[in-house]
Each structure stands twice: as structure tokens, then as C-alpha cells.
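Reader: I would like a close look at a single part of this model. Please set the scene with the whole chain, then go in.

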Amino acid sequence: MNKIGSVAGKNVLFLQGPIGPFFKKLDKHFRKLGAKTFKITLNAADWLFSNKDNTYPFFGTRDDWEEFIYDFLLKNAIDKVFLFGDCRFYQSKMIKTCKALSVEVFVFEEGYLRPDFITMERDGVNDLSKISREPAFYASLNEGYLETQHTLPAPVVFRKIAFAAIFYYIAMHLFSFRYPHYVHHREQSAIKEFFRWWRSVFLKFKYRFSEKILHQKLKGELSLKYYFVPLQTHNDFQVKVHSHFPNMEKFIEEVIYSFSRYAPPESSLVFKHHPQDRGRKDYTNFIFNFAQNLSVSNKVVVMHDVPVPICLRHTIATVTINSTVGLSSLIHQKPTMVLGKAIYDIEGMSCKGMTLDDFWTKYTIPNKNLVLKFRNYLMENTQLNGSFYGRFPVELL
């Protein structure tokens, strides 16, 4: 999939990309293809991961941002804009301005289909994606969309993510005086970020050993006797913008409360932490305390690093806000309850239109052909076979 079109002779602007050198590599590649490139830097870390000969710093306040980018786009006759994420302040304003000026904008995001893909769509991703949500659209696709698509492995290199994040936050913190008005979408303490990443590394190895018994339990005595609940990151814009939940705690409470009243008495509830929250957020005590208040703590399991495919293979069904794990659940042919807004919450695939209280006993199996067609259409039109922290997507070369 490459819906960018030719960049030869085009003026291309990069805003913030994923942490690390991905946009820097893409910038160099576009130049080789004949594009004139520009990069707006919002903080010193943006500058660190940029090609230094085409950067344009923004030193103003948020109130100045829309006027700045409006003038920048016009003055430099920008044809295409590339950025990461669509819900952060600077990115969302850029998309809005691009639409007003009829400038093409391409949004990158983590892959809908993981681990071997990253997402790239025009104008927006996730709930802002333009991809159809109508089951009839996918049902009408030809039989070729039922075939297995050949892809290459694109594993994420964890150490690259870790070091990129550490250097990013250190640069942003040490040289914050250069961009005094920049407001980051997350807490920007370099010291805290450093210790969180090393704590995450330590916990990753710890859980590899401490959760071995739990791993076997899911495949053994709990197999097909539990509902799977993948937690999302505590600061996920998918939760903040595309759901009614103010935080993960409220989601956890709603799920446990409904489970305690309406789920089959012999069933269990398995929560899994998001790997990016490892070292940052641990809901274990919160989950067990709330479950204990409802007298179901003996039916609740909490884990961190048991592989998602194992969890999905042995679950009865899945409950999520709008995690990409929900799509994986459908691909595994597992009933899936979506409590937020998600591109895969489609009648015939998910349990769309059903209440959570009814879901525990009245869930429906996803239509296999509908899921396959949706997956392959999604892969063809929104996914790049590659990684931000590993093999560069072949579609961009």
C-alpha cells in the first residue's frame, strides 16, 4: 500500500513523527525522489531527530500555532504533510488547517494489525479514519479478499524504542529553554522517563519467569473458561477522545461490576496490562480491591506479559474499549465487546448493539468471511508492512 503518490517536485512538510529517527529516514528518502522537504520542530528532541538543514522551529504559544502553520503552508506552497497521531494539540490543528487549504495530510500511527505493520491514512486514524464501517461494503468485496496475504516479518526492536525514548526526553528537558512555550502531550520529566524505562526492562525479565505458571494456567484449567480484558495505556488518546471513559479505572470498574452480576458463575475474568505501561502504571491492587468489594476477587486474574495470542486462543470472549487487541480477537474468531469507538466495531463482526450486561451470556461469534475481508481490505488500504523501530516499510521505498 502506497497511497502517497509521487513526491518528485513536491514540497513536503514533516511535523512530529514517532519518537526516534523514522521521519528523518523518510525525509532523506523523499529528497532522493526529488521532493523539497521541511520540518517544523516543536521542541529540542524534534530537532535532535531531524535533518538539521531543513528545520524550522516554532517558539510561540499554542495560541500562535494556527496562524503560524497557516502562513507556513502558504508561504512554502506545501503539497503534502506527514505527522504522527491525530489527537494531539499540534497535530489536530495541523490537520484542520491542511483541510482548509486543500493540502494533503498523511497520518502515521501504530499498526492496526500488529506486530508487522504500521498505519498510514489520509486525514486521520482510528475513529477519525475514513474506512467504511458498513458490513455490506465488506460483504460485497470479491473473493480475493478471503485469501491469505503474503507479508514480511517486521519485529520491533525493544532496545531501539527504549534508547530513542530516553534520548528524546533528555533532549526535550535539557533544552526546554529553547522552546519555552511548548506543551507536551505527556509528562516530560527526563529523569522519570529514564527510570521508568529501566524499570520496564527489569519488570519485563521478572514477569518472564514469575508468570510462567499463569501462562500454563490459561492453557490448562482456565482454557475457554475466562473472559479476556486487555487494558490500554493510562494516557491513551483512544480512551480520552474516542470513548466515554475518563480513565482506565472507570473501565475496569464497569467491567468487573457487570461481570459480577451477569457472567456465568463458573467463569473467570483475566486482565492484561498494556506493555507500554510496564514501569509506569500497575492496576493490580486496584483491580483486586474493587473485585473483593463485589465478592469476585477469586474469579479475577491479573497479568502483565503473557503473550496476547495465548490469551486470545484460550479465552471465551474479549472485552475492550477500542484496543487493536479487539481486532486481533475478531481474527481469532472470538466474540468481542467494544465499549468505545473502533473501526472494527461492525455489525456481524463485533457484538455491536449489545449491552455489556447481555454480552456475558448472549455474545455472538464473528462472521469469519466478513472479518477476513475487513482485515485484508484494511491491510491493503491503511497498513505499511514494516516498523518504526525495525525494518523500514517496503511500500515507502
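Reader: What radius of gyration does the protein chain have, and what would a compact globule of 397 residues have? After that, take me through strand 5, strand 6 and the loop between strand 6 and helix 5.

Author: This is a predicted model, where local features need pLDDT of at least 70, side-chain atom pairs count only at pLDDT 80 or more, and totals for chains, interfaces and linings use all residues. Residues are numbered from 1 along each chain as its sequence is written, and side-chain values use heavy atoms, with hydrogens and water left out.

First, the whole chain. Its radius of gyration is 22 Å, which agrees with the value near 21 Å for a compact globule of 397 residues. That radius is taken over C-alpha atoms, and the globule rule is 2.2 Å times the number of residues to the power 0.38. The C-alpha trace spans about 65 × 50 × 35 Å along its principal axes. The chain holds 15 helices and 12 strands. Both are DSSP runs numbered from the N terminus: helices are H or I with at least four residues, strands E with at least two. Of the 397 residues, 52% count as buried. Buried means under 20% relative accessible area, exposed over 50%, and partly exposed in between (1.4 Å probe, protein chains only).

Now the part you asked for. Glu 104 and Arg 122 join their side chains in a salt bridge, at 2.5 Å from N to O. Glu 104 sits in strand 5 (residues 104-110) and Arg 122 in strand 6 (residues 118-122), so the pair ties together parts that are 18 residues apart in sequence. A salt bridge here is a side-chain nitrogen of Lys or Arg within 4 Å of a carboxyl oxygen of Asp or Glu. By this rule the count is 12. Glu 104 is partly exposed at 25% relative accessible area. Arg 122 is partly exposed too, at 37%.

Between the two strands comes a loop, and Pro 115 lies in it. The peptide bond from Arg 114 to Pro 115 is cis, with omega near 15°. Most peptide bonds are trans, and most residues other than glycine have a negative phi.

Past strand 6 the chain enters another loop. Asp 123 belongs to the loop between strand 6 and helix 5 (135-139). Its phi is near 75°, a positive value in a residue other than glycine. Asp 123 is buried, at 17% relative accessible area. Its side chain meets that of Lys 130 in a salt bridge of 2.4 Å, N to O. Lys 130, in contrast, is exposed at 62%. So this salt bridge pairs a buried Asp 123 with an exposed Lys 130.

One more pair belongs to this account. Asp 127 forms a salt bridge with Arg 133, with the closest N and O atoms 3.2 Å apart. Arg 133 is partly exposed, at 26%. Elsewhere, salt bridges that share partners join Asp 27, Arg 31 and Asp 53 into one network.

For contrast, take another loop. Leu 224 lies between helix 8 (212-219) and strand 7 (226-230). Leu 224 is not a glycine either, yet has a positive phi of about 60°. Leu 224 counts as exposed, at 52% relative accessibility, whereas Asp 123 counts as buried.
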